[in-house]
Amino acid sequence: MKRWFCGFSSAIDNSLATLPKPLNGEMLWQGANPFWVCGNWGKQQIITIAEGPVRLAIVGTCLAPYETLVELFQNAIRNHDYSRLMRLPGSYNLIVQEEADTYVFVDAAGLKSVFYAKYDSFIVYSSLGVALQQLTKAEVDLVYLATSLTWVPTPSLPERRSPFCNVQAIPPGHYLQISSGKPMCKQYWHEPQKYKSLSEAAEQLREQLLTAVEGRVRLYGNVTSDMSGGFDSTSLALIAAKSLEKRGQKLHTITIKPDSNTASEDVKCAQHAASLYPNIVPVMIENYELPGDYSNLESIPLIDTPTPTILSLGIISYELEIIRSKGSLLHMNGEGGDAVLSAAHTYLVDLLRNAQIGKLFQHIYGRSRLERSSPIPLIKSVIKLSLTSYRQGLLQQVKNLMAGQLPSQLLTNLPCTIESIGWDPAPDVVSWCTKNLVDLVEAELQSWVTVAAPFADSPGQHQSISVIQLNGFHNKTLQQIADINDVNIEFPYLDSLVIDACLSARVEERTTPFKFKPLLSTALQHDLPKSVFTRTTKGEYTANDFVGLRQNLATINELFQTSLLADRGLIDIREFRAAIEQFNMGIVNNGFSAFTQTMATELWLRSVMETSNSFWEYTTLANRPPDGKLQTIF
């Protein structure tokens, strides 16, 4: 990994000489609780301030003026509350070291994730989970893998599992306080407590989105942007183009031209948007140039967590090479727009609970017309969930697993939108899941029942926050792959202040069957050409998955002759190989998400087992094997 950080905190004044040293690390402060940044960070990405014995580091992209940071830091020390420093534009981690206590903050989306573990008399924390796995020689956590394979989202817990035993993840919107050598996670970010009108929320979004994009242009200078043709990435690109035009600079945009007819509208919109500003230099990548999905599977990089993003490694690597060739210091990606600007159908439950019956039936009727389905199943699901508490929802999932009532979408003909009406999606138990896997998931859900809490009181807002955090989790994978390829990618829609602006609008106003992304179009109606707002659809790229699967079938079959997941009793490899053949023939039945997650988890696990990457100086790691490879124990 090209850029990461780590620190140690202890109640005992240990000598620095006894501590492990990260490779290519620059120590920002010494003492009993040292902190390092490792790799080739840009000068814009590290800010340090000291006030007496208290030291602060901001790692990432913070767009606030330095003078503002100093003033806020001084106020934070007086009030002994550093959370206000996370309410600034940008995307970053905040680390504060007092004389005795350490504070480590994670953003609201969880894109800037941090892990921590016990190491001798220290608590060690790092932006890189695999670095802590290597340092502590942690085993891979089979419970984490089981819940990940069945797409069980992590609820709001004070401590979260990571893929490695005894390595914890700080939840999004939380900070880790290490006091007297003891770690404790505390929440600092909360959803907006009062809703604003659509116009007020749109004005707030406009302010934050312009700040997020224009601030990055000023900070980095040479920026590039995706411009898929969708509303989200196009908006970012055009804001950046306007800002760069004032500086006499060009903006290179990246667009993939797929063969699919359903996605051709994206290309037309991207071409039109590129013609609106003379300083936009569009890079149109023909589909035949790309390696395709499921290529480069033999060279999956070592990253923190398994997500299906790695199955597009060939395509991602090709795009990153182009971005790097443009001398880009920062590439902006529109991912996260759907998560913050839209919401799942669960928001209909909020309308029922708030006795907005007229609006409820208007939206149900509108949704049914858009999806060409009967409104009756949707009405029944909304009523049922309105009578179900969060705890009852978890209990019902446990009961279903205990009774063998597999809730997989493979086993139902209900529309996917109906299946998603719930506090959280049900575990996706598919044909290749073993009984051992189901038992692990059941036990984990049972343990959550008494301690987990929803992100919000209403199911719709809860699921909106859950989707935003899931989006941050997946985009972290893309960010790490880009980092390995020496490209700096950021996602302005997942900045905490942009998230706040979007969540301040009522769910039924930012998500409606009668207008496409009304919050964004209202926010930017006076900033972008009107022709940009004519798009009312999204491109569909599912066909590319199946084309890529067929093109790389021989390699996939060879890779899955054996399976580490099967060796650990989590999947039946014969059933999974049968699923490969079924999906190759186009027999889908809605189980493709579980299929891609299983494939990604298997390949990720192999990269963890086989890596020769080292994050620490050899002389500081006790009992390191002579061949330099990691010892991963199961």
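## Helix H16 and its surroundings

Strand S6 (90–97), helix H4 (198–220), helix H8 (337–341), H15, H17 and helix H18 (518–523) are among the elements that cover the buried residues of helix H16. This is a predicted model, so everything here describes computed coordinates. H16 spans residues 496–503 and is mostly covered, with eight of its eight residues buried. The run goes Ser-496, Leu-497, Val-498, Ile-499, Asp-500, Ala-501, Cys-502 and Leu-503, and that buried set takes in an aspartate.

## Helix H3, another covered helix

H3 (residues 142–149) gets similar treatment: seven of its eight residues are buried, so the rest of the structure largely encloses it. The buried ones are Val-143, Tyr-144, Leu-145, Ala-146, Thr-147, Ser-148 and Leu-149. They pack against strand S10 (160–161) plus four helices, namely H14 (435–448), H15 (459–484), H21 (564–567) and H23 (592–610).

Take a look at the ends, too. At the N-terminal end, Asp-141 acts as a cap, with a side-chain oxygen 2.9 Å from the backbone nitrogen of Val-143. After H3 comes Trp-151, which has a positive phi, near 60°.

## The five-strand parallel sheet

Now for the strands. Five of them make an open sheet, ordered S16-S15-S14-S17-S18 and paired in parallel. The edges belong to S16 (280–286) and S18 (489–490); each has a single partner strand, so one side of each has no neighbour in the sheet.

At the S16 edge, seven bridges tie S16 to strand S15 (residues 251–257), and the two run parallel. One spot to check by eye is Thr-253, whose bridge partner in S16 is Pro-282.

## The S4–S5 hairpin

S4 (residues 46–51) and S5 (residues 54–62) run antiparallel and are joined by six bridges. Ile-49 has Leu-56 of S5 as its bridge partner. The two strands form a hairpin with two residues between them, and Gly-52 in the turn has a positive phi of about 65°.

## The second largest pocket

The second largest pocket comes out at about 290 Å³. It is lined by 16 residues, and the closest to its centre are Glu-191, Tyr-195, Asn-354, Ser-458 and Gln-461. What sort of residues make up the lining? Seven are charged, five polar and four nonpolar.

Helix H9 (347–353) and helix H17 (507–510) each put at least two residues into that lining. H17 also turned up earlier, as part of the cover over the buried residues of H16.

## Two residues worth a click

Is Arg-3 buried or exposed? Arg-3 sits in strand S1 (residues 3–9), and its relative accessibility of 13% falls under the 20% cut-off, so Arg-3 counts as buried. Its side chain makes a polar contact of 3.0 Å with the side chain of Asp-483. Setting aside neighbours within four places in sequence, Arg-3 touches Cys-38, Asn-40, Trp-41, Gln-45, Asp-483, Asp-486, Val-487 and Asn-488.

Gln-396, over in helix H12 (residues 390–402), has 39% relative accessibility and so counts as partly exposed. Its C-alpha atom is 9.4 Å from that of Ala-426, with the two residues 30 apart along the chain.

Notes: Residues are numbered from 1 along each chain as its sequence is written. This is a predicted model: local features need pLDDT of at least 70, side-chain atom pairs count only at pLDDT 80 or more; totals for chains, interfaces and linings use all residues. Side-chain values use heavy atoms; hydrogens and water are left out. Two strands pair if DSSP finds at least two bridges between them. Buried means under 20% relative accessible area, exposed over 50%, partly exposed in between (1.4 Å probe, protein chains only). Contact means heavy atoms within 4.5 Å. A polar contact is a pair of N or O atoms within 3.5 Å; within protein, one must be able to donate a hydrogen and the other to accept it, and residues adjacent in sequence count only if both atoms are side-chain atoms. On a 1 Å grid over the protein atoms alone, a cavity is a set of points where a 1.4 Å probe fits but cannot get out, and a pocket is an open set with protein on both sides within 12 Å along at least five of seven lines; lining residues have an atom within 4 Å of a point. Grid points are joined across faces, edges and corners, and a volume is the space filled by probe spheres set on the points. Ala, Val, Leu, Ile, Met, Phe, Trp, Tyr, Cys and Pro count as nonpolar, Asp, Glu, Lys and Arg as charged, and the others, Gly among them, as polar.
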